Amino acid sequence: MDLKSLNLGRGKWVVANCGKFPSEKNCRLVIMAPDSQRGDLVDAAATHAAARHGHQNTPQLRKELDSFLDVVEI
Ligand SMILES: [Zn+2]
């Protein structure tokens, strides 16, 4: 199976990539969403950061996570 067979749909996708950041857990979680669901992605990433990395799920954290998102074209 390759990425294409996931049938994600064409367009811009936003990606939260935990592996970009050094962590004691070597977390490699990647979460993706269509650009139109950027808010959902930030929700999921904030939940993950709070549950697994000890962050406080605050508006400030969500703002920071949002600024770390990558955008890819599929
Ligand atoms: Zn993580």
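**Exercise 1. Which side chains meet in a salt bridge with an N to O distance of 2.9 Å?**

Solution. The structure is a predicted model, in which local features need pLDDT of at least 70 and side-chain atom pairs count only at pLDDT 80 or more, while totals for chains, interfaces and linings use all residues. Residues are numbered from 1 along each chain as its sequence is written, and side-chain values use heavy atoms, with hydrogens and water left out.

Step 1. Apply the criterion: a salt bridge is a side-chain nitrogen of Lys or Arg within 4 Å of a carboxyl oxygen of Asp or Glu.

Step 2. The pair sought is Asp66 and Arg38, whose side chains meet at 2.9 Å, N to O. This pair links distant parts of the chain, with Asp66 in helix α2 and Arg38 in helix α1, 28 residues apart. Helices (H or I, at least four residues) and strands (E, at least two) are DSSP runs, numbered from the N terminus.

Step 3. Classify the exposure of the two residues. Buried means under 20% relative accessible area, exposed over 50%, and partly exposed in between (1.4 Å probe, protein chains only). Asp66 has a relative accessible area of 29% and is partly exposed; Arg38, at 25%, is partly exposed.

**Exercise 2. Count the salt bridges by this rule and describe the remaining pairs.**

Solution. Step 1. The count comes to three salt bridges.

Step 2. Arg62 and Asp43 form a salt bridge through their side chains, at 2.5 Å from N to O. Because Arg62 lies in helix α2 and Asp43 in helix α1, the pair ties together parts that are 19 residues apart in sequence. Arg62 is partly exposed at 29% relative accessible area, and Asp43 is partly exposed at 34%.

Step 3. Lys20 and Asp70 form a salt bridge at 3.3 Å, N to O. Lys20 sits in the loop between β1 and β2 and Asp70 in strand β3 (residues 70-73), so that distant parts of the chain, 50 residues apart, are linked. Lys20 is partly exposed, with a relative accessible area of 40%, and Asp70 is partly exposed, with 32%.

**Exercise 3. Identify the donors of the zinc ion and assign the geometry.**

Solution. Step 1. Donors are N, O and S atoms within 2.8 Å of the metal (3.2 Å for Na, K and Ca); water is not among the atoms, so sites may look incomplete.

Step 2. Coordination of the zinc ion is by Cys18 (SG), Cys27 (SG), His48 (NE2) and His53 (NE2), at 2.1 to 2.3 Å.

Step 3. Four donors count as tetrahedral if all angles lie between 85 and 135 degrees. The arrangement around the zinc ion is tetrahedral because its four donor atoms subtend angles of 103 to 119°. The ideal angle at a metal with four tetrahedral donors is 109.5 degrees.

Step 4. The spacing of the donor residues in sequence is C-x8-C-x20-H-x4-H. Cys18 lies in the loop between β1 (12-17) and β2 (30-34) and His48 in helix α1 (residues 38-53), so this pair ties together parts that are 30 residues apart in sequence. Cys18 and His48 are both buried.

**Exercise 4. Describe the two largest pockets by volume and lining.**

Solution. Step 1. On a 1 Å grid over the protein atoms alone, a pocket is an open set of points with protein on both sides within 12 Å along at least five of seven lines, and lining residues have an atom within 4 Å of a point. Grid points are joined across faces, edges and corners, and a volume is the space filled by probe spheres set on the points.

Step 2. The largest pocket has a volume of about 360 Å³. Its lining holds 19 residues, of which Cys18, Phe21, Ala49, His55 and Leu65 lie nearest the centre. At least two lining residues come from each of β1, α1 and α2 (59-68).

Step 3. Ala, Val, Leu, Ile, Met, Phe, Trp, Tyr, Cys and Pro count as nonpolar, Asp, Glu, Lys and Arg as charged, and the others, Gly among them, as polar. The lining of the largest pocket then divides into 12 nonpolar, five polar and two charged residues.

Step 4. The second largest pocket, of about 180 Å³, is lined by Leu3, Lys4, Asn7, Leu8, Gly9, Arg10 and Ile74. That lining has three nonpolar, two polar and two charged residues.

**Exercise 5. State the overall layout of the chain.**

Solution. Step 1. The chain has two helices and three strands, in the order β-β-α-α-β along the sequence.

Step 2. Along the principal axes, the C-alpha atoms fill a box of roughly 35 × 25 × 15 Å. Of the 74 residues in the chain, 24% are buried.

Conventions: Tetrahedral: all angles 85-135°; square planar, octahedral: opposite > 155°, others 65-115°. 1 Å grid on protein atoms, 1.4 Å probe; cavity = no way out; pocket = protein on both sides within 12 Å on 5 of 7 lines; lining within 4 Å.
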